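Q: Please take a close look at how this chain is divided, and at what each part is built from.

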Amino acid sequence: MNTSFTHPEFADHERVLFVNDKSAGLQAIIALHNTKRGFAIGGCRMWPYESAEAAFTDVLRLSRGMTYKNALAGISSGGGKSVIIGDPRTDKSPALFRAMGTAIESLGGRYIAAEDSGTSPADMAVMAEATSYVAGLESDSNSGDPSPSTALGVFLSIREAVSFRLGRSNLVGVRVHIQGLGKVGFELAKLLVRSGAIVVASDINEGNCRLAREELCIRTVSNEELLTGSCDVFAPCALGGVLNEWSIPALNATIIAGAANNQLLTQEDHVRLTNAGILYCPDYLINAGGVIDVYQRRHGGTQKEIDAGLSAIAARLSSILSEADSRCISPGKVAQERAESLINGSELVPIPTAVA
Ligand code: NAD
């Protein structure tokens, strides 16, 4: 098992913390990729990884992605992420989330957690009993769940990409395939249905599919049918790695724009998508709505400021798609260049010692 500096995804991480609290049943990893732009902010995922190495690989990839996402979103934060190894359906307990809070507290504000796949605002509230470094908490005016903001950012980006590639000014009749009907995918489906798009979706959880059929009147299909079926937009909203050397040749989509982090399994997949004539909207660019939401709320931002941040995602996508087109390179390459220039050009931001 390679859980060291030589791991292929290590990518110059500043710090990695392995947490093993037997009495609380907690095994977790917290990864801080880059805090040059400020303390790291990123979700806390809970997932039944098949091995510790799989969890390590995931947290490194997710944490690095947060550095790029936060920089492009204009947030004065670095990138970090945490993963709890466990099944969110059966392994949650107050002791586990308190222990996770204690581990986060030990980093002294270098990492701020928020909910992610497998965790909820209620779990964050339990973590907050042991640390103040948790964002996305429920309040009188807000559910604490950033997923609706993530979904809205992706929705606005889909509209932008459809206008750019298909020359359509609205989504009426546009066929969108959504993989994953969780917190973001379901909300995105709702927005798309309201806009007149024809939505088809898949989820490995049949309960989520049933709910979508009943509440949104959309068709649900198998993953294979979803990935290979003809559509205008494919929106990955489940887990990462869905775009790879095996899936890309079978895709029958014109645009890819979804919420999942790390949709591409490898960097070569950018080239595979470009060669296949598929317009790929970089995941960390368009799924930044959630982190904009939690960052703004933690810093006393207003709903107006959050809305402006979400609209800016689509404007940024538009500018990146135009530049990629004029330079004949992939949008992923342009997004990466812009993010790296923001990260490398940053002045060092001191880590706060008090609660932000
Ligand atoms: P979630 O756990 O609520 O939903 C994920 C859904 O995908 C679940 O319903 C699950 O059953 C389904 N799923 C898992 N594997 C699948 C597969 N192979 N095929 C089909 N369905 C599958 O998570 P979420 O919060 O909706 O996030 C979805 C994705 O978006 C994740 O990759 C997450 O990291 C990313 N993301 C989420 C947010 C947010 O605000 N929640 C922000 C940015 C990025």
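Which domains does the domain assignment of the protein chain give?

A: This is a predicted model. The domain assignment gives domain 1 (15–67 + 79–127) and domain 2 (147–289 + 316–343). Their C-alpha centres lie 26 Å apart. Domain 1 puts 15 residues into the contact, and domain 2 puts in 10 residues.

Take the five-stranded sheet, order 1-2-4-3-5. The sheet is open, and its pairing is mixed. Strand 1 (15–21) and strand 5 (111–115) are the edges, each pairing on one side only. From one strand to the next, the twist averages 20°.

Look inside this sheet at strand 2 (residues 26–34) and strand 4 (residues 78–85). They run antiparallel and are joined by six bridges. Ala28 stands opposite Ile84 of strand 4. Helix 2 (residues 94–105) lies across strand 1, strand 2, strand 3 (40–47), strand 4 and strand 5. Helix 2 runs at about 30° to strand 2.

Now the six-stranded sheet. Its order is 8-7-6-9-10-11. This sheet too is open, but here the pairing is parallel. The edge strands are strand 8 (219–220) and strand 11 (279–280). Each of these two pairs on one side only.

Strand 6 (residues 175–179) and strand 7 (residues 198–202) run parallel, with five bridges between them. One pair of bridge partners is Ile178 and Ala201, the latter in strand 7. Helix 4 (residues 147–166) lies across strand 9 (231–236), strand 10 (253–256) and strand 11. The angle between helix 4 and strand 10 is about 135°.

That leaves the ligand. It is surrounded by 26 residues. The closest are Arg45, Thr150, Asp203, Asn223 and Ala238. Several side chains make polar contacts with the ligand. In the side chain of Arg45, an N or O atom is 2.7 Å from an oxygen atom of the ligand. For Asn223, a side-chain N or O atom is 2.7 Å from a ligand nitrogen atom. Ser147 has a polar side-chain atom 3.2 Å from a nitrogen atom of the ligand. On its own, the ligand has 820 Å² of accessible area, and the protein covers 88% of this.

How values were computed
Residues numbered from 1 in each chain as written. Predicted model: local features only at pLDDT ≥ 70, side-chain atom pairs only at ≥ 80, totals over all residues. Heavy atoms only, no water. Pairing = 2+ DSSP bridges. Helix = DSSP H or I, 4+ residues; strand = E, 2+ residues; numbered from the N terminus. Contact = heavy atoms within 4.5 Å. Axes fitted to C-alpha atoms, helices over the stretch in contact; angles between N-to-C directions. Near = heavy atom within 4 Å. Polar contact = N/O pair within 3.5 Å; in protein donor to acceptor, adjacent residues only side chain to side chain. Areas by Shrake-Rupley, 256 points an atom, 1.4 Å probe, with all protein chains shown as cover. Domains from an automatic or database assignment.
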